[in-house]
Amino acid sequence: MHHPDPHSYYDSSQPKARRLRLKLGVDFAAKRLEGEVVLEFGGEVKGALDLDTKGLDIRGVQVPGHGPVPWELGEPDTILGSRLRIDAPEGTREIAITYATSPEAMALQWLDPEQTEGKVAPYLFSQCQQIHARTMVPCQDTPVVRVAYHAEVTVPEGLTAVMSAGPAGDEATRDGRHVFRFLMPQNIPPYLLALAVGRLESRDLSPRARVWAEPETVEAAAWEFAGVEDMILKAEALFGPYPWDRYDMLVLPPSFPYGGMENPRMTFLTPTLLAGDRSLVDVVAHELAHSWTGNLVTNASMEHFWLNEGFTVWAERRILRILHGDDAAALGWAMGQKALEDSLDRFKNEPHLTVLRLHLEGIDPDDAFSSIPYEKGARLVAALEREVGEDKFLRFIRDYIDAFRFTSITTEQFCAFVEAKLPGALAAVNARAYLDQPGMPATAPTFRSAQLDALTALANSWVDGGRPSARQIATWKASELQVFLQKLPRQLTREDCAWLDEHFQLMGRGNYEILVDWLTLAATADYEPAFPRLREVLLRVGRMKYLRPLYGALGQHPRTRALAREIFAAASPGYHGLSRRVVQSVLEAYPA
Ligand code: BES
Ligand code: ZN
């Protein structure tokens with residue numbers, strides 16, 4: 001018995017599934033998927049086969065041509081769920097399971113019409129990363145098992161289904177519903193399975209890219225992301241031809257718990273990116289970059305998550321540098337530095353969660369999530385790049401992607417590859433300090449520009465009365481204002497807040513990064529004029545990146561703590577299960 005992934009019951013002495021054939025019936029009234037999955041194996045399955053499930057109602061297991069076979073569901077583990085052990089007769093090459101999901105399935109959020117833009121139809125979306133695919137489909141839910149898939153999704157008439165796959169036709173059913181077919185011919189880790197169902201429309205952005213959204217926002221989305229083809233071209237120039245055929249995007253309702261999710265052929269995006277000025281498209285650059293780093297070359301388990309995210313942050317900033325120049329990239333690194341410091345502070349009593357090569361036996365990967373694999377990881381990649389030089393490093397990255405395409409690898413495999421291709425480079429940058437030691441190495445690369453230095457100096461002079469000039473106020477780009485806000489002292493006075501709001505019109509900002517940085521400062525300062533806007537944002541948006549700092553900042557004063565508890569009581573039924581958990585943990589850490 002061998003379990004290569006601490007978050008899966010997958011046993012590497014058993015065969016791997018190679019393809020899934022899925023049939024899903026979407027039942028909004030019961031908040032359930034009625035499912036059937038056929039797992040196709042490369043070789044013969046004989047005897048025990050272990051799958052991951054969580055909260056699934058298993059109705060029957062069959063081997064086609066053989067009939068029902070014995071199975072047993074193990075004791076549920078709070079993190080892993082229940083092992084489904086199937087006893088496969090000799091000659092088994094396919095296993096068919098009928099099941100239903102639970103209304104509490106963590107991968108699925110079922111939205112009432114009021115939670116959508118149009119307010120007339122319900123909506124369903126999935127989010128399987130890290131280990132929630134098992135709440136939607138019984139499977140070997142570990143990235144070391146990669147599968148192609150077919151799917152048939154039946155939805156109420158009038159709604160549209162999209163998946164992380166290519167469309168393969170749709171038609172009305174005889175019982176007045178509508179079936180959508182999908183085909184994902186390339187193998188993907190299960191966490192990239194994705195489904196959304198709602199009132200959806202699309203707009204083409206280029207021959208290979210389109211954006212989907214509710215009809216009410218689709219035009220705004222098409223405008224915001226109009227530059228995506230240019231981004232794909234820039235990414236291809238760096239990393240080689242785009243390997244997934246189409247690059248489509250879906251703009252979700254505001255409760256989507258992340259900024260973006262790199263579901264192949266259908267990136268999922270939060271509507272908070274629709275700033276109206278294209279100032280937040282770096283998230284698209286990030287999700288697009290995952291097409292190479294993450295989706296093509298994948299972390300073998302969540303213990304190696306930095307291989308996905310560290311490389312992707314580095315790649316995202318490389319793309320931005322080509323599109324918008326060195327200053328823009330330096331500001332990106334500065335915002336990342338702030339996120340990194342916040343995460344190091346959050347984990348100051350859990351230093352084992354600040355290393356890149358994690359050890360997560362018994363630890364929920366959602367609890368280990370932070371900016372550390374992103375930003376510490378990207379700094380290790382950048383250190384290697386500086387060590388060997390940009391051109392040589394880019395050749396190395398292309399070799400790396402080529403060598404491991406469509407596979408899932410460990411940190412140890414990565415290191416062996418670097419050692420073979422760039423001998424001595426790991427030691428020269430002291431890679432061990434990033435991989436195995438907590439905190440940040442003193443030798444980590446820093447990123448500066450004259451513009452960033454000026455913003456930092458100005459923010460540091462705030463306590464001595466330094467203020468942005470009228471010209472700066474009028475001409476700063478969103479990223480400059482954001483960095484300035486992030487570099488201000490954390491504890492401002494109410495007069496400071498009033499000055500900032502009056503001069504920068506912060507309360508009405510459409511750029512959520514700026515709005516949330518501002519509201520975090522205002523909440524910390526117990527600045528009452530910001531309370532209505534805070535309430536509005538927290539009731540509307542479920543993105544965890546925003547909920548954590550906002551609820552955290554509200555913990556400073558008795559009256560803001562009361563406000564936070566009151567807002568959470570009203571907002572939590574609309575939050576995604578993951579977001580609800582994060583906010584609960586923040587509120588529990590408030591002083592009594
Ligand atoms: N893959 C992540 C989102 C994710 C991480 C989902 C872990 C579930 C578990 C995605 O690529 C991501 O990193 N999104 C960021 C975007 C940012 C770094 C530009 C986000 O959501 O904020
Ligand atoms: Zn990412």
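## Close-up views of a predicted model

**View 1. Pro103 and its surroundings.** At 31% relative accessibility, Pro103 counts as partly exposed, a label for anything between buried (under 20% relative accessible area) and exposed (over 50%), using a 1.4 Å probe and protein chains only. A word on the basics: this is a predicted model, where local features need pLDDT of at least 70, side-chain atom pairs count only at pLDDT 80 or more, and totals for chains, interfaces and linings use all residues. Residues are numbered from 1 along each chain as its sequence is written, chains are lettered from A and ligands numbered from 1 in the order in which they are written, and side-chain values use heavy atoms, leaving out hydrogens and water.

Back to Pro103: look for it in the loop between strand 6 (82–100) and strand 7 (108–111). Helices (H or I, at least four residues) and strands (E, at least two) are DSSP runs, numbered from the N terminus. Leaving aside residues up to four places away in sequence, Pro103 touches Ala30, Lys31, Arg32 and Trp110; a contact here means heavy atoms within 4.5 Å. His352 sits 249 residues from Pro103 along the chain, with 34 Å between their C-alpha atoms.

**View 2. The hairpin of strands 11 and 12.** Strand 11 (residues 166–172) runs antiparallel to strand 12 (residues 177–188), and 5 bridges pair them; DSSP has to find at least two bridges for two strands to pair. One spot to pick out is Gly166, whose bridge partner in strand 12 is Leu183. The hairpin has 4 residues between its strands, and Gly176 in the turn shows a positive phi of about 80 degrees.

**View 3. The zinc ion (ligand 2) and its donors.** The protein supplies His286 (NE2), His290 (NE2) and two OE atoms of Glu309, lying 2.0 to 2.7 Å from the zinc. Donors are N, O and S atoms within 2.8 Å of the metal (3.2 Å for Na, K and Ca), and sites may look incomplete with water not among the atoms. Written along the sequence, the donor residues follow the spacing H-x3-H-x18-E. The pair His286, in helix 3 (residues 282–289), and Glu309, in helix 4 (residues 305–324), links distant parts of the chain, 23 residues apart. Both His286 and Glu309 are buried. The zinc site has 6 donor atoms with angles of 53 to 160 degrees among them, and is irregular. That label covers anything that is not tetrahedral (four donors, all angles between 85 and 135 degrees), square planar (four) or octahedral (six), where the last two need opposite donors over 155 degrees apart and all others between 65 and 115.

**View 4. A cis peptide bond at Gln129 and Gln130.** Most residues other than glycine have a negative phi, and most peptide bonds are trans. The bond joining Gln129 and Gln130 is cis, with omega about -5 degrees. Gln130 is in the loop between strand 8 (123–126) and strand 9 (147–156).

**View 5. Positive phi at Gln505 and Asp526.** Gln505 isn't a glycine, yet its phi is positive, at about 50 degrees. Its loop runs between helix 15 (494–504) and helix 16 (512–524), and Gln505 counts as exposed because its relative accessibility is 55%. Asp526, also not a glycine, has a positive phi of about 55 degrees. You'll find Asp526 in the loop between helix 16 and helix 17 (531–540), and it counts as buried because its relative accessibility is 7%.
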